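I sat down with the sequence and the model to look up a sheet, a helix and a hairpin, and these are my notes.

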Amino acid sequence: MKSKALTALTALLLGAAMGVTFAAPSLAGTIPHGQDKTATRPAAAAGSTAAAGSTAAAGSTAAAGSTAAAGSTADADAGPLCEGWGNPVPGKPGPCSVAPYTTHNFQNEYTTSYWGMPPDQDTAPGGAWANCTNYVAFVESTVYGVSAPKPALPVNATDWAAGAQKDGFTVNHTPTVGSVAQWYANDNSPVIGADGHVAIVEQVGPNDSYIVVSQDNWHTDTDYYGWAKILNEPDTPGTEPWPDNFIHFFSGGQATLSYSQPDRLIQSTGNLYWTADQTVQGRSTAVVYRASKTNEPGQEQILYQELSLPTSRVDFEAITYAYVGGTWYGYFVANYPAQDKSQIKRVPLTGGTAVVLATSPALIGNRDLVTDGSSLYWADAGGIRKMAITGGTVQTLVSGETFAHLGLDGPVLYYSSGNSILTVPTSGGTSTTVVSASSAITAIHPPSASNGVLWGEANGSVYSFDGDIYYQLQAPVAGVSVTSVSVAGNYIIWGDCFPQWCQVSGNDNGSVVSVATSGIPVDVQGDPGGWYWGDSGGLEKFSV
């Protein structure tokens, strides 16, 4: 993986240039992929016929704007999702430079050989710069940090599974994000050509019901590049079939750590702590959990729980922790909506009885709770509050009804209010506006050693602000709102939901990895070894 997540982006967006819309998570290209070695070739037009030997249906005509090949009876959701680097083509899916898709910046790299693969495939029309194996080698090496296999893999994709097995890599029938989908020669002929085909698995559906791949040298795609959804079903004539194998060069992957669905989540060095609410047999239960970062479902520990009737239910939300007087404690918000009351409670991180430290002056709901080890800070419906870590008098730092998201950076507390991010000294004083955004702030992360303040917006954009420089990590996307943003090793990570799916994305110096989630991702965070979040499937982990 690369070093600082934003180094390569510095020159892209400065100060007032926030209106520039390079469509993160990919970077805008400067070299047309349609460029022949000697002359520019035209992009594949809607309704054009794929060349013989193509990895698309040779001799068949793709229906303009369709999501499956012409004449296909496949699910309408199957087929092309995006095509090309960035210039829309009438009647075709939109470009892959627009989130939630990405080009992985290959438009600037496709003439370079990776893992010894030729950039130009001999079956590509007119000697075009297009090769599926070189694209896969590029993504595996630059995005997932995989060194070139030794001995070198065969040139033709049809031989990759055997070559990878000889090199000691796992080859099976189980897709994972970052694995390589591989097809043998002439699979679902004539869809797959005589050289076979490989692609990058970008998303995996529930129970392996489908995959989403990105691929190069797919001749019906604009610029020969695109993303496609493939259903785990018997082959349909004229459509891209389910792969024959999945090659796991990248050792990471996604796993469910607990089936308990987190309301809020926080990590320590080796553990995860979260709150969860559920109703069982007419009883409302609110729980505080603890689990290791390698937890297996069912091994998580209940630190504390409260039972109540649904008509007077309790709702546990934000959670944090601190080391006080020789003991580690968890601090969490307990809401009692029927009583219009919120409390701050403390429980030992080994489990035990919870102690009420304070009743908040106003309802907290799902607003944030943070600590610097000596004091607790939270937002409620009436302002931003501060209290000693051991309890006592509740102090109001800022009065107002629009605060929700908090973050600490030493003696400075960051908070959101509408379209703005402000700071206030933790000792009290005047607030200062740091960021004025174009839409409501939906998530923030305070400055860290390698990044400025991070935030997500209701318009789907993700930014960082470091001094006087703005970095755009994701451009605004209609109908998308960012749920959380954080830092995990070299990655800046965030969660959001698109019309196509919900996902967690990570940006490491322009290299982007995205993982589909089961519903809205909650409190995305991580470390150099993995990302963690909650969704409707439970507590999730993606190893990197």
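Before reading any sheet I fixed my terms: two strands count as paired if DSSP finds at least two bridges between them, and helices (H or I, at least four residues) and strands (E, at least two) are DSSP runs, numbered from the N terminus. I noted that residues are numbered from 1 along each chain as its sequence is written. I also kept in mind that this is a predicted model, in which local features need pLDDT of at least 70 and side-chain atom pairs count only at pLDDT 80 or more, while totals for chains, interfaces and linings use all residues, and that side-chain values use heavy atoms, with hydrogens and water left out.

**Entry: the sheet.** I found four strands in an open, antiparallel sheet, ordered β9-β10-β11-β12. Its edges are β9 (264–267) and β12 (301–308), each of which pairs on one side only. Between β9 and β10 (residues 271–280) I read four bridges in the antiparallel sense, and there Leu-265 has Trp-274 of β10 as its bridge partner.

**Entry: helix α1.** Is this helix mostly covered or mostly open? Taking buried as under 20% relative accessible area, exposed as over 50% and partly exposed as in between (1.4 Å probe, protein chains only), I find nine of the eleven residues of α1 (residues 132–142) buried. Among them are Cys-132, Tyr-135 and Phe-138. With contact meaning heavy atoms within 4.5 Å, the cover over the buried residues includes α2 (160–166), β3 (180–183) and β4 (197–204).

I then looked at the largest nonpolar core, a core being a set of buried Ala, Val, Leu, Ile, Met, Phe, Trp, Tyr and Cys residues joined through side-chain atoms within 4.5 Å. This core has 50 residues, and those with the most contacts inside it include Tyr-144, Trp-160 and Trp-531. Helix α1 gives the most to this core, with six residues.

**Entry: Thr-133.** Why does Thr-133 count as buried? Thr-133, which lies in α1, counts as buried because its relative accessibility is 1%. Leaving aside neighbours within four places in sequence, I find Thr-133 in contact with Met-117, Val-155, Ala-157, Trp-160 and Val-198. Its side chain also makes a polar contact (N or O atoms within 3.5 Å, one able to donate a hydrogen and the other to accept it) with the side chain of Asn-131, at 3.0 Å.

**Entry: the hairpin.** Strands β23 (residues 420–425) and β24 (residues 432–436) run antiparallel and are joined by four bridges, with Ile-421 partnered by Val-435. Six residues lie between the two strands of this hairpin, and Gly-428 in the turn has a positive phi of about 100 degrees.
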